[in-house]
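Visitor: I have a structure to look at and would like some help reading it. Could we go through it together?

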Amino acid sequence: MPKRPTLLWKLYPSYLVVALLSFCLMAWHVSSQLADYCNDRAVNDLKTQALLVEKLVGERFFKDSSSQIDTMLKEMGSKISSRITVALASGAVLGDSQMNAARMDSLKGRPEIKEAMEGRVGISTRMSLTMDARMIFVAVPVKRGDAVTGIVRAALPSASSDALLWTNDPLFWVILFFLPGICCFYWSRRLSCAIGEFRAAARKFSEIDLGYRVDERGTSEFSELTDAMNTMAAELNFRLSTVTRQRNELEAVLSGMMEAVMVVDTDERIVRINRAAEQLFRIQQDRVKGKTIQEAIRHTDLHRFVTGALVCADPLEGDIVIIGDPDIFLQARGATLRDDQGRVTSALIVLNDVTRLKTLEMIRRDFVANVSHELKTPITSIKGFLETLKEGAIKDPENAERFLDISIRHTDRLNAIIEDLLSLSRIERDAERGEVALESRPVNEVLDAVAKACGEKARGKTINLEFRVKDGIVADINPTLLEQALVNLVDNAVKYSEPGKTVVVTAEDHPGEVVIKVKDQGCGISKDHITRIFERFYRVDKARSRKVGGTGLGLAIVKHIVHAHGGRILVESSPAKGSVFSIHLPSGQKTDAT
Ligand code: ADP
């Protein structure tokens, strides 16, 4: 781009030309006015002088004493600056204050002389051949009676010829160029600086430096412009900060949202996505912004949904599944965004991760199926035996008693399952409501109760049950629930151990937690099952569990109780060697109690 001249160099020459022209015109006008004034004064002076001389020479004039007149005029001429000439009516010069009268031509043809000859005061401004200068001549008639007998003429160099003399003075030219030059430069610069300041302000505003303010200027136009620009900047600043605040709020809302949000334009190009969407699709906004949804995310169902959302007038809903490990279930909602003229500009897609809900729903369905199945087995058996009895077996006392024993066993099993289910739902409900009352109590008390509850069963199976507990271990516990959990663990340890084996229960005080372990030398659990044994109704060996009277709910109850205590449960096990179940509880205060 060619460099444009600055305002200063545009303004300055034109200002200078105008100023010089004005200055010259003014100088010329003043000079001519001055010259006119001087000439008028000179005419008056000359007239007075001529009249005075006429009076002085009057009598001599008529006595024809021309030599006296010339002498007198020469004398006078040495004292005054004007030239006085006395001539006869014929034009012959009698005397002259500055020139040799004898050598002078007749004055007859001179305009002022002609006029004076007619009895009036003759005035003429013209070049004097004798003086070689422009002169003002004033001639008065010398009368005897009515007849003009002579002329007295006074002359001075004309002021108009001197009017432009001052142009010869170098000072004039210095002043002529220097003064307007300086003044024009000053004013051009002032204007250019003022405009420059507005330009700088406009540039600052365009760079979003809206705190910048233009300084107040003298003239009303500049002052108004300054006010307007400063007000505009303040208004822009306010609006920008409002927009920024709203954008930050929107950013915060979007990034704080659990739902994945994305905005796509009508070409299905990504305009923005939030953090949840970045995490969900493992993409980054910076990289996918401006790309089509097909380029950025490989998911046909999502592409179809986005296309549908852009063309659908009403909000669109749908389900999308991202196949993976694990599968992610999304509930999608899409709506179009429009501009102020109602044209569709983009679509807002909100994806809600409902995987947890789906999982919970699945767990609930499985649970209902499991419960039904668990209840159905004993009920079917009981019904079968009762029908057999009714059909005649009741009359066979030996079989009848056996059938009744089996039915009672199944009823006990039903009862156990229902008891466990009830206790599980009670613990869950209390834990959810925060109604599990914890108190700082010695763990020993609970273990004593467990020893009493499980001792008989262990002895019945010749299992050696040992408790190795240090005194004074205290934890925040619900003694009844913790006892129930430990009874379940010890009961399992006894159930799944062969006679003659040992089950050891230990309690240790670790920094920040109390660890209670139930260790057996039983059948152990393989790795594949360990992750699932805390699920409801999950059993490694269903037949064995049923045989030993298990409901499949014991460990689920233990897990919920431990969680209600704010603790965790861990399992270490190896098949055929045994298992260790450890309950880690947050430790309470130590007491002296044992
Ligand atoms: P159950 O009433 O069947 O014992 P649990 O929930 O108490 O149900 O246990 C779930 C499953 O975990 C059991 O069926 C069993 O297979 C396994 N299990 C639990 N405790 C032990 C243990 N100490 N040794 C070996 N297997 C165990």
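Visitor: What does the side chain of Asp520 reach, and at what distance?

Guide: This is a predicted model. In it, the side chain of Asp520 reaches 2.9 Å to the backbone nitrogen of Gly522.

Visitor: Where does Asp520 lie?

Guide: Asp520 belongs to the loop that runs between strand 15 (513–519) and helix 15 (527–530).

Visitor: Is Asp520 buried or exposed?

Guide: Asp520 counts as buried, because its relative accessibility is 8% and the cut-off for buried is under 20%.

Visitor: Which residues is it in contact with, leaving aside neighbours within four places in sequence?

Guide: Asp520 is then in contact with Ala493, Ser497, Thr502, Val503, Lys577, Gly578 and Ser579.

Visitor: Now the ligand. How many residues surround it, and which are the closest?

Guide: The ligand is surrounded by 21 residues. Asn492, Asp520, Ser545, Thr551 and Leu555 are the closest of them.

Visitor: What lies 2.9 Å from a nitrogen atom of the ligand?

Guide: That is an N or O atom in the side chain of Asp520. Two oxygen distances can be added: a polar side-chain atom of Asn492 is 2.8 Å from an oxygen atom of the ligand, and a backbone N or O atom of Val540 is 3.1 Å from an oxygen atom of the ligand.

Visitor: How much of the ligand's accessible area does the protein cover?

Guide: On its own the ligand has 520 Å² of accessible area, and the protein covers 98% of that.

Visitor: Leu555 came up just now. Which residues of helix 17 are buried?

Guide: Leu555 is one of them. The others are Gly554, Ala556, Ile557, Val558, His560, Ile561, Val562 and Ala564. Helix 17 (residues 554–564) is thus mostly covered, with 9 of its 11 residues buried.

Visitor: What do those buried residues pack against?

Guide: They pack against two helices, helix 12 (397–433) and helix 14 (479–495), and against two strands, strand 16 (568–574) and strand 17 (578–586). Just after helix 17 comes Gly566, which takes a positive phi of about 75°.

Visitor: Changing topic to sheets. What is the order of strands in the open sheet that includes strand 1?

Guide: The order is 2-1-5-4-3, and the pairing among these 5 strands is antiparallel.

Visitor: Why is one side of strand 2 and of strand 3 left without a neighbour in the sheet?

Guide: Strand 2 (93–96) and strand 3 (122–128) are at the edges and have a single partner strand each, so one side of each has no neighbour in the sheet. From one strand to the next, the twist averages 25°.

Visitor: How many bridges join strand 1 to strand 5?

Guide: There are 6 bridges between strand 1 (residues 83–88) and strand 5 (residues 147–157). Thr85, for example, has Arg153 in strand 5 as its bridge partner.

Visitor: And the open sheet with strand 7, what is its order?

Guide: Its 5 strands follow the order 7-6-10-9-8, with antiparallel pairing. The edge strands are strand 7 (270–273) and strand 8 (316–322), and each pairs on one side only. Here the twist averages 25° from one strand to the next.

Visitor: Which residue stands opposite Ala260?

Guide: Leu351, in strand 10, stands opposite Ala260. Strand 6 (residues 260–265) pairs with strand 10 (residues 344–353) over 6 bridges, in the antiparallel sense.

Visitor: Last one: where is Tyr186?

Guide: Tyr186 is in helix 5 (residues 170–206). Its relative accessible area is 44%, so Tyr186 is partly exposed.

Key. Residues numbered from 1 in each chain as written. Predicted model: local features only at pLDDT ≥ 70, side-chain atom pairs only at ≥ 80, totals over all residues. Heavy atoms only, no water. Pairing = 2+ DSSP bridges. Helix = DSSP H or I, 4+ residues; strand = E, 2+ residues; numbered from the N terminus. Axes fitted to C-alpha atoms, helices over the stretch in contact; angles between N-to-C directions. Buried < 20%, exposed > 50% of the residue type's maximum accessible area, 1.4 Å probe, protein only. Polar contact = N/O pair within 3.5 Å; in protein donor to acceptor, adjacent residues only side chain to side chain. Contact = heavy atoms within 4.5 Å. Near = heavy atom within 4 Å. Areas by Shrake-Rupley, 256 points an atom, 1.4 Å probe, with all protein chains shown as cover.
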